[in-house]
Structures are given as structure tokens and as C-alpha cells.
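Biologist: Please take one part of this model and go through it closely. I would like a single connected account.

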Amino acid sequence: TAAVFGGFRIEGKTADAAMKILEDALAIQDAGCFMLEFEAVPAKIATVISRQLEIPTIGIGAGVGCDGQ
């Protein structure tokens with residue numbers, strides 16, 4: 001199940017939250033998604049997850065470790 005976030009706050013600040021984002025990203029990829037956007041995710045988390053995905057990632061406030069900005 002993909003997480004639904006609301007409001008303007010940084011997501012993935014704890015290890016558990018980061019793992020949840022990774023699990024959701026992999027599930028979304030497996031479901032056939034062709035790209036993923038990270039918004040307000042810590043740069044290190046976005047980079048680590050981007051490297052584990054086969055689909056491109058776009059970062060908005062998620063550092064330069066994504067495939068595009």
C-alpha cells in the first residue's frame with residue numbers, strides 16, 4: 001500500500017520512515033510506474049532509494065542524488 005502524505009513537512013526523517021518510503025517506492029515500481037518524484041525527502045534517503053530503483057527519480061527538495069531535478 002502506498003503511503004499518502006499531507007501537509008508540507010520533511011518525510012523519511014527516521015529509519016522506519018525511510019524504510020517505508022523505500023518499500024512504497026519498490027511497490028510502485030513493481031506496479032508498473034515509469035518514474036517517481038521525491039519531494040521534501042532528505043537528500044541521503046532520496047539518493048539511496050534512487051540507486052535501488054530501476055525507474056528514474058525526480059527530486060524536488062530532495063538533493064542531487066535523484067536522476068533529475
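Modeller: Start with the contacts of I45. Beyond its neighbours within four places in sequence, I45 is in contact with G12 and A18. The model is a predicted one, so read every value here as computed from the prediction.

I45 lies in helix α2. Its C-alpha atom is separated by 8.6 Å from that of K13, and the two residues are 32 apart along the chain.

A18 brings in the other helix. Helix α1 spans residues 15-30 and helix α2 spans residues 43-52. They pack at an angle of about 30°, and their axes are 10 Å apart. That makes α1 roughly parallel to α2, since angles under 35 degrees count as roughly parallel. The crossing of α1 past α2 is right-handed. On the α1 side, the contact is made by A18, I21, L22, A25 and L26. On the α2 side, I45, I49 and Q52 make it. By class, this contact has seven nonpolar residues, one polar residue and no charged ones.

M19 also lies in helix α1. M19 is partly exposed, because its relative accessible area is 45% and buried means under 20%. M19 and I49 are 30 residues apart in sequence, and their C-alpha atoms are 9.3 Å apart in space.

Now look at what α2 buries. Its buried residues are A46, T47, I49 and S50. The cover over them includes α1, β1 and β2, the last being residues 57-60.

Two of these, A46 and I49, belong to the largest nonpolar core. That core has twelve residues in all. I21, L22 and A25 are in it, along with L36, F38 and V41. L53, I55, A62 and C66 are members too. Three elements give two or more residues each: α1, β1 (36-39) and α2. The largest share, three residues, comes from α1. As a general point, nonpolar side chains tend to be buried together in soluble globular proteins.

F38 is a core member with a long list of partners. Leaving out residues up to four places away in sequence, F38 touches I21, and it also touches A46, I49 and S50. Further along the chain, F38 touches T57, I58, G59, I60, A62 and C66.

Next comes E37, whose place is in strand β1. E37 counts as partly exposed, because its relative accessibility is 42% and buried means under 20%. Outside the residues up to four places away, E37 touches I58 and I60. E37 and D67 are 30 residues apart in sequence and 9.8 Å apart in space, C-alpha to C-alpha.

One backbone detail belongs with this region. A40 sits in the loop between β1 and α2. Phi of A40 is near 60°, a positive value in a residue other than glycine.

Finally, the setting. The chain has two helices and two strands. From the N terminus on, they run α-β-α-β. Of the 69 residues of the chain, 32% count as buried. Among contacts with a separation of 6 or more, 28% are accounted for by residues 24 or more positions apart.

Technical notes: Residues are numbered from 1 along each chain as its sequence is written. This is a predicted model: local features need pLDDT of at least 70, side-chain atom pairs count only at pLDDT 80 or more; totals for chains, interfaces and linings use all residues. Side-chain values use heavy atoms; hydrogens and water are left out. Axes are lines fitted to C-alpha atoms, for helices over the stretch in contact, and angles run from 0 to 180 degrees between N-to-C directions. Helices (H or I, at least four residues) and strands (E, at least two) are DSSP runs, numbered from the N terminus. Angles under 35 degrees count as roughly parallel, over 145 as roughly antiparallel, 65 to 115 as roughly perpendicular and the rest as oblique. A crossing is left-handed if the near helix is turned anticlockwise from the far one by less than a right angle, and right-handed if clockwise. Contact means heavy atoms within 4.5 Å. Ala, Val, Leu, Ile, Met, Phe, Trp, Tyr, Cys and Pro count as nonpolar, Asp, Glu, Lys and Arg as charged, and the others, Gly among them, as polar. A nonpolar core is a set of buried Ala, Val, Leu, Ile, Met, Phe, Trp, Tyr and Cys residues joined through side-chain atoms within 4.5 Å. Buried means under 20% relative accessible area, exposed over 50%, partly exposed in between (1.4 Å probe, protein chains only).
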